[in-house]
Amino acid sequence: MRVVGRGGANVLIEYGHPNWLWRCCVRWPHLLSLNNAYTIENIHYIKNNVEPLLRGLLCPMELTDVSTDVLRPILNIFISELDEKVVKVIKIKNLASKIATNLIQNDHLLKSYCSQNFQTILLELKPKWIYYDTDYCRNCTHNALKGRETKYCYNQLLMNSSHLETMLVDYERYPNEFKATILEYLRNANNVFKILYQLQRKLTENTIPIKNLRSIHDIKDDLLLLMTLRDVTCFIEWNSTGNTLCVHIVDVDLKPKEKWTHWTKTQCQVESGEKIFHTSSK
Ligand SMILES: [Zn+2]
């Protein structure tokens, strides 16, 4: 058993099964019971509120109980008091490819893995605010604020599939068949980015702007859902055998309402800094 991934609020654990991982919440560092309660609320939220919107693209996952004794060596690092006998764990399909294991691009918003000879390619993508209702681009402006030298933008990719050439380092190294297939997918009206764009757009129209939030009571369900959809990860795997694409969405967790102060602070920084339409002209 070993930790194979670590986010701000979760650890991903390989437990001996080739196709599944355990995802444990460690958002609350003091008590396991708080993390367990959140995990139960979170899986219900994902199944009831998020999955129906994602048109079959949600990564398979389910709630399971694991004995605290089994996870104690790992959880001891993250949670000080393991005050319940079971850990509420989300068992999630392992989307990491067993074949495409060479990490050839590793940005904050894009990772690309390939196999020897590029027969399998796995892209891990974070489209973030793919929709925005400002005259500047939220993603490009936020990247500049954070000092990231990201040249590409998922909003541009949505509007123009050939922006993929700007996104992927050493684009010419990728097989032509892969490029043709993914470019065709990106032009498809039902691709993962168009789905996220439409959902974000509809929810943005129904929610009060972040800058206008004044208290936790202003945080409605639609805003929480919007913030979830602004923080997902998309996996696109291409296999040369059959020339197929397999697309999944993960990281669809319920955001705690307490995060609203962080959201307003960030929004304030974005609005008071330099605004950028798009970093790239292509
Ligand atoms: Zn942009």
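**Zinc site**

The zinc ion is held by four protein atoms, namely SG of Cys137, SG of Cys140, SG of Cys153 and ND1 of His278, at distances of 2.1 to 2.3 Å. Donors are N, O and S atoms within 2.8 Å of the metal (3.2 Å for Na, K and Ca), and water is not among the atoms, so sites may look incomplete. This is a predicted model, in which local features need pLDDT of at least 70, side-chain atom pairs count only at pLDDT 80 or more, and totals for chains, interfaces and linings use all residues. Residues are numbered from 1 along each chain as its sequence is written, and side-chain values use heavy atoms, with hydrogens and water left out.

The arrangement around the zinc ion is tetrahedral because the 4 donor atoms subtend angles of 103 to 113°; four donors count as tetrahedral if all angles lie between 85 and 135 degrees. The ideal angle for four tetrahedral donors is 109.5 degrees. Along the chain, the donors of the zinc ion have the spacing C-x2-C-x12-C-x124-H. Distant parts of the chain are linked by the pair Cys140 and His278, 138 residues apart: Cys140 belongs to helix α3 (residues 138-145), and His278 to the segment after α9 (260-272). Helices (H or I, at least four residues) and strands (E, at least two) are DSSP runs, numbered from the N terminus. Both Cys140 and His278 are buried, where buried means under 20% relative accessible area, exposed over 50%, and partly exposed in between (1.4 Å probe, protein chains only).

**Helix packing**

The axes of α3 and α9 come within 10 Å and cross at roughly 90°. Axes are lines fitted to C-alpha atoms, for helices over the stretch in contact, and angles run from 0 to 180 degrees between N-to-C directions. The two helices α3 and α9 are therefore roughly perpendicular, the term for angles of 65 to 115 degrees. Arg138, Thr141, His142 and Leu145 of α3 make the contact with Thr266, Gln267, Gln269 and Val270 of α9, contact meaning heavy atoms within 4.5 Å. The residues of this contact comprise 2 nonpolar, 5 polar and 1 charged. Here Ala, Val, Leu, Ile, Met, Phe, Trp, Tyr, Cys and Pro count as nonpolar, Asp, Glu, Lys and Arg as charged, and the others, Gly among them, as polar.

For α1 and helix α8 (residues 221-229), the axes come within 12 Å and cross at roughly 95°, which makes α1 roughly perpendicular to α8. Tyr45, Asn49 and Val50 of α1 meet Leu224, Leu225 and Thr228 of α8. The residues of the contact of α1 with α8 comprise 4 nonpolar, 2 polar and no charged.

**Individual residues**

His163 lies in the loop between α4 (154-159) and α5 and counts as buried, at 1% relative accessibility. Leaving aside neighbours within four places in sequence, the contacts of His163 include the zinc donor Cys153, as well as Tyr152, Ser280 and Lys282.

Met1 is placed in the segment before β1 (2-6) and is partly exposed at 49% relative accessibility. Beyond neighbours within four places in sequence, Met1 is in contact with residues including Tyr15, Trp22 and Ile74.

Two non-glycine residues with positive phi are listed below.

| Residue | Phi | Loop | Relative accessibility |
|---|---|---|---|
| Arg55 | about 50° | between α1 (32-50) and β4 (61-67) | 56%, exposed |
| Asp170 | about 55° | between α5 (164-167) and α6 (176-187) | 36%, partly exposed |

Key:
Tetrahedral: all angles 85-135°; square planar, octahedral: opposite > 155°, others 65-115°. Parallel < 35°, antiparallel > 145°, perpendicular 65-115°, else oblique.
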